[in-house]
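Trainee: I should like to study one part of this chain closely. Could you please take me through a single helix and its surroundings, and then show me how the neighbouring parts are arranged?

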Amino acid sequence: MITVLVVDDSVVVRRLIVDALGGAENIEVVGTASNGLLAQAKIDQLKPDVITMDIEMPQMDGIEAVRELRKRHKQIPVIMFSTLSAAGASATLEALAAGATDYVTKPSNVGSVNESIAAVRSELVPKIHALGGRRRVAPGAPPGRPSAPAAPIRTRPGAAPPRAGLPPAGPPAVRVRRRPERRHVRRSAGRPVARSTSWRSAPRPAAPTRSPRCSPACRRTSRCRS
């Protein structure tokens with residue numbers, strides 16, 4: 001919603017602008033002021049998006065009000081709305097030099113009030129939409145381009161949502177179970193002999209001693225135990 005502050009010394013003109021903007025889409029009149037001096041306090045209080053300003057007003061005219069406004073608020077669009085704001089008029093050029101953004105001429109020689117409202121609506125509404133829409137752009141984004149939404153964080157189904165301020169957790173680490181080393185066992189003389197890595201690296205058992213009383217034929221057999 002674009003908020004508008006109407007500044008004009010004429011009650012009839014203020015009511016005309018309010019009625020013209022009342023039926024417009026996405027526009028809301030948040031306040032009115034009868035001169036530029038009262039408008040300064042209303043601007044600080046209401047913080048409107050767009051201001052319509054008359055030129056000829058008591059106490060502080062529109063041109064002086066724009067100069068004072070630009071000392072504190074440099075980005076608020078100001079549309080000069082007056083019978084003096086015709087194209088090429090000296091008052092229009094002076095208002096634009098003071099810091100006004102655009103100008104609209106008040107309708108004159110209009111037959112009825114409805115025609116005046118329609119004429120004001122056709123002139124003011126497009127300019128308010130164009131100027132007020134620029135202030136709605138996110139800070140840091142290029143003019144005329146809306147800021148891109150942040151990309152959603154994708155998580156696996158069933159996974160817990162990431163905590164605020166932390167990056168999403170990756171896939172869980174896979175633990176690999178190593179098979180225990182097999183130790184080669186060689187039986188010698190009825191007793192198992194453990195080998196650390198290979199049976200070839202282990203020393204061979206000593207040959208059983210035989211008694212000298214055995215005959216040579218007995219010694220050649222593997223069953224000799226004497």
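Mentor: The account below begins with the whole chain, then turns to helix α1, the loop after it, and the helices that follow. Please keep in mind that the model is predicted.

The chain has 226 residues, and 30% of them count as buried. It contains six helices and seven strands. Read from the N terminus, the elements run β-α-β-α-β-α-β-α-β-α-β-β-α. Among the contacts with a separation of 6 or more, 59% are between residues 24 or more positions apart.

Let us now look at α1. This helix has 12 residues, and the distance from its first C-alpha to its last is 16 Å, close to the 16 Å expected at 1.5 Å a residue. Its buried residues are Val13, Arg14, Leu16, Ile17, Ala20 and Leu21. Viewed down the axis of α1, these buried residues fall within an arc of 160°, so they line one face of the helix. The face turned away from that buried side carries the exposed residues Val11, Val12, Arg15 and Gly22. You may check this in the structure by looking along the helix and locating each of the two groups in turn.

The next part to examine is the loop between α1 (11-22) and β2 (27-33), where Gly23 lies. Gly23 counts as exposed because its relative accessible area is 61%, and the cut-off for that term is over 50%. The C-alpha atoms of Gly23 and Arg121 are separated by 8.7 Å, although these residues are 98 residues apart along the chain. Asn26 is found in this loop between α1 and β2 as well. Asn26 counts as partly exposed because its relative accessibility is 44%. Its backbone deserves attention: Asn26 has a positive phi of about 65°, yet it is not a glycine. As a general matter, most residues other than glycine have a negative phi.

A further case of this kind is Gln59, which is not a glycine and has a positive phi of about 65°. Gln59 is placed in the loop between β3 (50-53) and α3. With a relative accessible area of 67%, Gln59 is exposed.

Helix α2 may be read in the manner used for α1. In α2, which comprises residues 36-46, the residues Gly36, Ala39, Gln40 and Ile43 are buried. Seen down the axis of α2, they fall within an arc of 110°, so they line one face of the helix. What do the buried residues of α2 pack against? Their partners are β1 (2-7), β2, β3 and α3.

The last of these partners leads us to a pair of helices. Two packed helices are described by the angle between their axes and the distance between the axes. For α3 (residues 62-72) and α4 (residues 90-98), the angle is about 10° and the axes are 9 Å apart. At that angle α3 is roughly parallel to α4, because angles under 35 degrees count as roughly parallel. On the side of α3, the residues that meet α4 are Ile63, Val66, Arg67 and Arg70. On the side of α4, they are Ala91, Glu94, Ala95 and Ala98. Taken together, the residues of this contact of α3 with α4 comprise five nonpolar, three charged and no polar ones.

Technical notes:
Residues numbered from 1 in each chain as written. Predicted model: local features only at pLDDT ≥ 70, side-chain atom pairs only at ≥ 80, totals over all residues. Heavy atoms only, no water. Helix = DSSP H or I, 4+ residues; strand = E, 2+ residues; numbered from the N terminus. Buried < 20%, exposed > 50% of the residue type's maximum accessible area, 1.4 Å probe, protein only. Axes fitted to C-alpha atoms, helices over the stretch in contact; angles between N-to-C directions. Parallel < 35°, antiparallel > 145°, perpendicular 65-115°, else oblique. Contact = heavy atoms within 4.5 Å. Nonpolar A, V, L, I, M, F, W, Y, C, P; charged D, E, K, R; others polar. Expected span 1.5 Å × (residues − 1). Arc of directions from axis to C-beta.
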